[in-house]
Structures are given as structure tokens and as C-alpha cells.
Amino acid sequence: MVKHLATEVVVIGGGIMGASTALFLRQRGVNVVMLERDLCGSRSSGVNFGGVRRQGRSLAMLPLSQRSHALWGRLTELIGTEAEYERSGHFKIARSDADMESLVRYAEMTRDCGLGLQLLDGVELKKRFPVGGTQVVGGSFCPEDGQANPRLLAPAFAAAARRAGAQVLEHTPVQAVEHNGQRFVVRAPGLEIKANIVVNAAGAWAGQFAEQCGEPVPMRIRPPAMGVTEPLPHFLHWSLGVEGGSIYCRQVRRGNVVFGGGPGLVLDDTRARNRATTIWEQLPQLVALLPQLKNAQLIRTWSGNEGALPDHEPIIGASSRIAGLYHAFGFAGGGFQLGPGVGEVMAELIAQGRSSTPIDAFRIDRFLQPASAGEASSPTPERKIA
Amino acid sequence: MIGSDFYLDDPRPADGAAVIVGAGPAGIRAAQTLLAHGVRPVVIDEAPKAGGQIYRRQPDGFARTPKDLYGFEAGRATALHQTFDSLRADIDYRPDTLVWNAQGHTLDLLHTASRTADTVRWRDVIVATGATDRVLPIPGWTLPGVYTLGGAQVALKYQGCAIGDAVVFAGTGPLLYLVAYQYAKAGGKVCAVLDTAPAAQRYKAAPAMLAQPAVTAKGVYYVSWLMLHNVPVHHGVQLLRAEGGAEDERVQALVWKDAQGAEQRTACSAVGLGYALRPETQLPDLLGCEFAFAPLHRCHVPQTDADRRSSIPGVYLAGDGAGIMGADAAEMSGELAALALLQDRGIQIDASRASLLRQQLLKTERFRQALEVAFPFPEDWAARASDDLVVCRCENITAGEMRSTAAANANGDINRIKALCRVGMGRCQGRMCGVAATEILADALQVPVENVGRIRGQAPIKPLPLDMTVAATAQEAAHG
Ligand SMILES: Cc1cc2nc3c(=O)[nH]c(=O)nc-3n(C[C@H](O)[C@H](O)[C@H](O)COP(=O)(O)OP(=O)(O)OC[C@H]3O[C@@H](n4cnc5c(N)ncnc54)[C@H](O)[C@@H]3O)c2cc1C
Ligand SMILES: Cc1cc2nc3c(=O)[nH]c(=O)nc-3n(C[C@H](O)[C@H](O)[C@H](O)COP(=O)(O)OP(=O)(O)OC[C@H]3O[C@@H](n4cnc5c(N)ncnc54)[C@H](O)[C@@H]3O)c2cc1C
């Protein structure tokens, strides 16, 4: 017995990308069904570090990141919760002159992007940031970057989308996406949905749908390794990173210090873990950075699968092959902060045919093989509804 | 599509060891069996001395006799300790060593005294990690002076001290009477034994219990002894709350309802609370073993075949860690698991011995079923838990918070509820509060407890010191 549904847009994946897309589509009055294999926000979006950071992003990504930043500022109004979001500031620390130079270069390069970066020398840094133990040369501070609780955020976006009228079906794995010449047919066990538009927001698993639609991409699975200490009295008020990227940490509202850095281990298609060798490398770095943690204990480690593309930029926008198909995936390293912005951009693309934020750098056809480039050279198909 | 590392990326490594985790009855018999067949095992145990929970040995400098320490079990305890002492020189024994992670064919270790991390590579591993108390909170259970039953017993057995000078033992299960008896015998004042199981259950289970007359007789003996020594024993009670002094100082009384429904108050200075045991299953979880819900244990346990092979090649599960069957069964299943391991290595074993062990274990399982009838899990516990009852004491999460989280996020997965309201997210990572939390969730959603899943395990199995150092051997193993 197969159940049949028909709708305007099917969103595949209930992570932060899918859920915010569904929400913003509903705000524009578009009918949406969102299909999630497990539970909304149970993958990358729910297990990430929780850094809501613009500092350090590529120039290409900053306009989108800024758009998202504005939406983060309206979180409660958008989804009815603040999910422990705080603009606590994000410190990036340089441990060598070379690293400091790189921070200075980044600040110059992004001067017109509105990040408000403050460069600090070693003396100033010690004054402003009195908790560090590592020998530091200086740092860069982004006052309005911050942190949030990922476990709460993506489920809250999905719940908001549902309240706004999206049909959200959990435990519903999409098996195939086909096009019958007129409409898409999206299949899941016991379910067939006809739709004009499909949004592929299946996170680390999105590659299979791109491939089904004739657009294979060279995506790799990356599992960033995470850990958390027992709760401690509050001492760390900023989210903290180290230039070069070896360790990052923040203290959550409850008092636990969450940290990341280094590779985890992919277990199978859906699961990942931290790994012992990474933990051995993370712990001394963390204690060196924050000597306050010397006598603390590690209570849990974890990881999650995310999809990474060779140029470290995501894929956002319309398919180069099939009208009505849109992609939003490949956000390794930074999709949590981008989530709300991506959702709004997708909704704009679908409802109005264009995005007011530049996303050209994220076109999927940047990966198309030269042999097939000819076919794809027709203008990007766009479809306007509403 | 996945272009990264795989989980068990290498075949069972020929250079790997036969590893036994846990030196309780199961682990010791497994070690003895392996050695008898020429395989020298690595035996890892978090405790400073071998013996496990039931036959826990005292620290150096304490000198109570085995009879004092183990009562009827003194003979078995002594035999097991002697067995272990006779093996010690020929095995690679690592006491004070926690297995905190499993990855591929490597177990990650922490030597707890020196805070040194190390590893061991396994070709086969017998997991014999035993059990911990099954905790079901009552209002006031976080007061100083309220202990678990097992904790109360450990204090007595290990250090020869009581949890208080006037103790109430409450809950259900055979351990309830045993610990009360041990306390009274050691000269402690036992104010009452309060069993939530109705007396009638005992009669229902009696015929099946007689399948193990010796064990049953011991149980009957403890109860009679307690009664003879004027310790009040009540059946079919409802535990209402533990009450503290001013400003919640220390427990002063246990308030309960008797079988007739009348409220009673028993003054005391300590409470030992317990509802039997739960298997310690973190390691099989990290090893990737398949789990299934076992109605007998009312929880998910790792699956084994009749010979104690898990679903992962080379991983064997013995003793209470794969389902609570008691100490004698632990010895048998340890031996059986070792025989299976040897057989899988192509070593000749005595097949009739294995078959005898299998039969005896089946008998124990039938006895276990009878015990479950005699001392049933209080299935109405969750329904009666008030909204302000603290379920998770690390994170101070109440039954009410769990219920409202479940209501607002209508789905039945304990891991999701954990993520949203932090139940089980503290230092114990649900090892202690998981049973109560899943019961509350199942009741809130009005579904059977097996439907809400189990809290996923992740390393570390227990908290790790951030300033641990890594042994050179571990680094070689990791990079070699
Ligand atoms: C450990 C870790 C730490 C990170 N730290 C940060 C950070 O600090 N800051 C930051 O900005 N970013 C961070 N990221 C990245 C960020 O979490 C991700 O980029 C972002 O969550 C991606 O969102 P998504 O919706 O694309 O993917 P996901 O959250 O993975 O959602 C995709 C969803 O699609 C579903 N799905 C897959 N296949 C199917 C199918 N066939 N049918 C139906 N549904 C399907 C999945 O179940 C999943 O729920 C981190 C990522 C990880 C893993
Ligand atoms: C507190 C307590 C008291 C008990 N008292 C009685 C009693 O009086 N009478 C009775 O009949 N039964 C009692 N039981 C039940 C009895 O202990 C078991 O039936 C029996 O001991 C099971 O033997 P085992 O070998 O499976 O496990 P155990 O005897 O529990 O041995 C398991 C061993 O594994 C070690 N271990 C566990 N996890 C790890 C790890 N990750 N790394 C390294 N080592 C690890 C532990 O330190 C322990 O030594 C008690 C149980 C508990 C928990």
C-alpha cells in the first residue's frame, strides 16, 4: 500500500538547511513536504560544535554568512526559542608571528564585510582574555560572533516549519528522485510524492541524489572530532579558536567545556566517532590553552558525518541539469552558522527565481566534467512560482 | 560513497591478544580456561584486586575472614581467589585499568593510578564487565545517607563500614534480603526491610524456584534469620519518600505505605535502596555488538548465541554484563565463552563440558525467570513518580521536565529526549539514571519501555582525566 501525496516543494533532509528552507518557503506561502530519514536535526546539525562564527570564512561566503547573522539576531521571533544563542564574541589566537600575520591579512581582506574584527597584540590580549595559558603572540576578536546549542536549534527550526504549515515526515528515508517529464516523483518506503520542485538538503548523503539527477560531485565525508568536559564554574566567556585550527572550545551555559579539532572516525554510512589518537592530541592542547582544565574530566566524545567538497565551498542553488531541482549541501566546517541564511536564499530562489545574496561561487556546475560541460552550458534553469 | 576510514578495517589481527575485560567470576573462569588450553590472556580490570563485585577483596591492611566477608559464599570466594592467584604469574594481568574505548581491534586503556593511557590489540575479547545497581529514585533519594543497595554492600564488604547506624533497606530483589542480613550479622542496626513485591508473588514463584533448592534455601534462610532477629520485614509496600533533617541535611526517615494502604514512617540514619541490577553494556556497544530488548531484564542487552558469541566475530560476552544471571552462572558463562573462543581458534576442547555448561545455564535462566516473578520490577513506578522527582542527579532533571519535553516533541527516542533536556547527559552518561529515564519516557508516551530505545554509548566509558599522559607503547601502536 503506497500512500500518494502531491505538493509544490519536497525538501529532502531535516537538518538545519532543510528545516530553514521549509520554514522560509512557508513564510512565502509555498506548500512544502519535508522528508527526514531519522529525526530532524539528528545528524550534523544536531551534533556539531555550536560555533556561530563568521570570522575565518572565505570572502565568497561572507555575504551569505552576514545574511545569516542578521537572521540569528531574530531567532526567537523566527522559531520561538533562542536555543542558548549568545553573541559572546569569538577569539582567534595566534601562537606565532606567522599566525598573527595571517590574522592581520584576514582582517584587512575582510575590512569592508562588516565583521568588526579587533586585532590585539600579546599584551592587549592578556588583558582582554585573562584565562589562557599558551604563549600567545596576539589575536583577533569578533565581538558579535557567538555560540548556540545545536541539539536544540535544528529541531526547533523543524518544529517552526511544521507550525508554519510544512508537512514534516520523520523516519522517512527518500530512496529515489525521478522526473516523469512533468513533475518529480520522490519515493520513500510506502510513500510517493509528486512535486514541482525538489530541494536536495540531505547533508553528507546529498551526493547520491545529485548523482541520481546526473550531477555527480566529488564529495568526501569528514567527521570532526568533538569532546566535552564535566560542568565547571563559568570562566570562559568567549568562543575560542586557534589560528591554524588545531583546537577550538567554548563553555556552554551549563558549564561544560565543549571542544573540537582533529579528525574523528567514520563508522558506517550514518555514524561517526571521535578516535583515541585524536583525543590524545586534543587533551594536552586544551589544557595548555586553558590551564583551568587541568583537573577536569572528559565525560563524552562524539563526531558526525559532514560532506566536504574539494574547494571547501558548499553547493547552493539550482541544478544545472534539471529544472526544478535545487541543492544545498556540502557545508563541512561551517554550515551551522549559515543555516538560516541558506534557508532564506533557497526560499528566494524558489519563490522569486533569484537570490539577493551572491551565491555564484557555489554553483554545482563548477564540478562538471569538461566532456559534459557542453550539455550544461545552457543557462541555469530557473523556475518561478508564486 | 564513504571515502574515509572504516570501522573494523583490518581482519582479526594475528598478533592480537586474547583479552578478558573484567576479573569477576566470569573473567577469572575464562582466564583459567584459556590458560589451561595454552592461551595466555591479558586480563584487564578497573578494580585494584580480582574478584569482581560479589567476591570483592578488601584493600591491603583490612583483615576480615572470608566467612565474615562472604558468608555462605566463603567457599566459592576462596576457591575463585585461589584460582586467580594461581594463574597470576602466567597471565598478563592489569589491575587498576579502565577500558575506556574500543575502536577496531584496539581497546584503549587508562591506568587509573598513574593516569596513563595505553592500548591493547585484540584478536579475541571476552567482555565480562558485570553489573551495577538498577536505580529507581524516590523523592528524597539525593539526600546524604541514601545509598544504593550495592553501594551499601560495597561499603561493608570492601571497607568494613556501614552506611549508617540505623539502616532501612528498601526496594526489591534477592539482594535486598542478603544485604540486610549481612548488615545485621555484622552488628549493624537494620530498622526494616521494605519489599515492594507483594508476598503472594513469592508463592507463585515457589515451584519454579525449587529448581535451584540450594539457592532458594539460602534466600529463605536470610529472611527467617532477619525475622528471628526481630527485623521487621514488609511486603507489598509503596515507597513514598526519604525525609531529611532541617535544610535537607541527612536522611532521617523513610515514609512508605504498607500493603493495607496505611502510611508508615520508619526513622533511620541511612537507606539502602535497590531494585536488582542492570548489565554494564557500554563496551559491547562500542565494539558494535547487536543489542535486543530482553523482557527478563527489562532492558536492551547485547545478543549472544548459546556459547556466548556476540554478533561481532571475536567478541564474546560472559557474566552479568550480557544479562543478570548471578555469580554461579557468571563462572559458567565465563568458562563457556572461553571454550567458544578456543574452538574458534581451532583449539581442541572438551565438547561435553561445553554442552554441560550450556544445560546448566539454561536451568539458571529458568530460575532467573522465577526470581523475576517473586521480585517483579515495580512497573507502576514511573506512573507514580511525581513531577518534581529528580531522575538524573548529575543534571538535576526531574520527571516533570522529561514529561514536558516528551509532550512538546512527540517522539519516542530516549536519545532525543536526552539531547533536548539533558537527562543522562552528566558524568554518568546515563549509566545510572538510564533505567529510570527510559521508564519515565515510556510512561509519558504510553508505550512499552522497549519502544523508547536505549541511551547510546560513546567513549569514554567513564570520565577521563584531561591531564592523562600517553604511554610510549600506545603511541607506537597508534602510529605503527
Ligand atoms: C562535529 C561537527 C562539528 C561542527 N561544528 C560546526 C560549527 O561549530 N559551526 C558551524 O557553523 N558548523 C559546524 N559544523 C557543520 C554543520 O554542522 C553542518 O554544515 C550543517 O549542520 C549541515 O546541515 P545540513 O542540514 O546540510 O546537514 P544535516 O544536519 O546532516 O542534515 C541532513 C539531513 O538529511 C537527512 N537525510 C540524509 N539522507 C536522507 C534520505 N535519503 N532521506 C531523507 N533524509 C535524509 C539526514 O538524516 C540529516 O538529518 C560541524 C559539523 C560537525 C559534524
Ligand atoms: C554492587 C553489587 C553487589 C553484588 N552483591 C552480590 C551478592 O552479594 N550476592 C550475589 O549473589 N550477587 C551479588 N551481585 C551480583 C554478582 O556480582 C554477579 O552476579 C557476579 O559478580 C557477576 O560476575 P561477573 O564476572 O559477570 O561480573 P563482576 O563480578 O561484576 O565483575 C566485573 C568486573 O569487571 C570490571 N569492569 C567493569 N567495567 C570495566 C571496564 N570498562 N574496564 C575495566 N574493568 C571493568 C569491574 O571492575 C569488575 O571487577 C552484586 C552485584 C553488584 C553490582
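In this predicted model, an oxygen atom of ligand 2 lies 3.3 Å from a polar backbone atom of Pro25(B). Two further pairs of this kind, one with a backbone atom and one with a side-chain atom on the protein side, are set beside it in the table.

| Residue | Protein atom | Partner | Distance |
|---|---|---|---|
| Pro25(B) | polar backbone atom | oxygen atom of ligand 2 | 3.3 Å |
| Gln53(B) | polar backbone atom | oxygen atom of ligand 2 | 2.9 Å |
| Gln153(B) | polar side-chain atom | oxygen atom of ligand 2 | 2.5 Å |

Taken alone, ligand 2 would expose 980 Å², and the protein buries 91% of that area. Around the ligand stand 30 residues, of which Ala26(B), Asp45(B), Gln153(B), Leu178(B) and Asp320(B) come nearest. Sorted by class, this shell holds 15 nonpolar, twelve polar and three charged residues. Several elements of chain B supply at least two shell residues each, among them the helices H1 (25-36), H4 (149-159), H5 (174-185) and H9 (327-344), together with the strands S4 (97-103) and S7 (131-133). The element that gives the most to the shell is S4(B), with three residues.

The next topic is a single residue of chain A. Glu36(A) is found in the loop that runs between strand S2 (32-35) and helix H2 (44-47) of chain A. Is this loop residue, Glu36(A), buried or exposed? Glu36(A) counts as buried because its relative accessible area is 8%, and the limit for that class is under 20%. Leaving aside residues up to four places away in sequence, Glu36(A) touches Gly13(A), Gly14(A) and Gly15(A), as well as Ser42(A), and also Leu169(A), Glu170(A), His171(A) and Thr172(A). With one of these, His171(A), the separation along the chain is 135 residues, while the C-alpha atoms of Glu36(A) and His171(A) are 6.0 Å apart.

The last topic is a sheet to which both chains contribute strands. Its nine strands form an open sheet with mixed pairing, and their order is S5(A)-S6(A)-S4(A)-S14(A)-S15(A)-S16(A)-S13(A)-S19(A)-S22(B). The edges are strand S5 (118-121) of chain A and strand S22 (464-465) of chain B, each of which pairs on one side only. Strands of a sheet are joined through backbone hydrogen bonds, and the pairing can be parallel or antiparallel. Within this sheet, strand S13 (residues 224-231) and strand S16 (residues 256-263), both of chain A, pair in the antiparallel sense over five bridges. Pro231(A) stands opposite Asn256(A), which belongs to S16(A).

Key:
Residues numbered from 1 in each chain as written. Chains lettered and ligands numbered in written order. Predicted model: local features only at pLDDT ≥ 70, side-chain atom pairs only at ≥ 80, totals over all residues. Heavy atoms only, no water. Near = heavy atom within 4 Å. Polar contact = N/O pair within 3.5 Å; in protein donor to acceptor, adjacent residues only side chain to side chain. Areas by Shrake-Rupley, 256 points an atom, 1.4 Å probe, with all protein chains shown as cover. Helix = DSSP H or I, 4+ residues; strand = E, 2+ residues; numbered from the N terminus. Nonpolar A, V, L, I, M, F, W, Y, C, P; charged D, E, K, R; others polar. Buried < 20%, exposed > 50% of the residue type's maximum accessible area, 1.4 Å probe, protein only. Contact = heavy atoms within 4.5 Å. Pairing = 2+ DSSP bridges.
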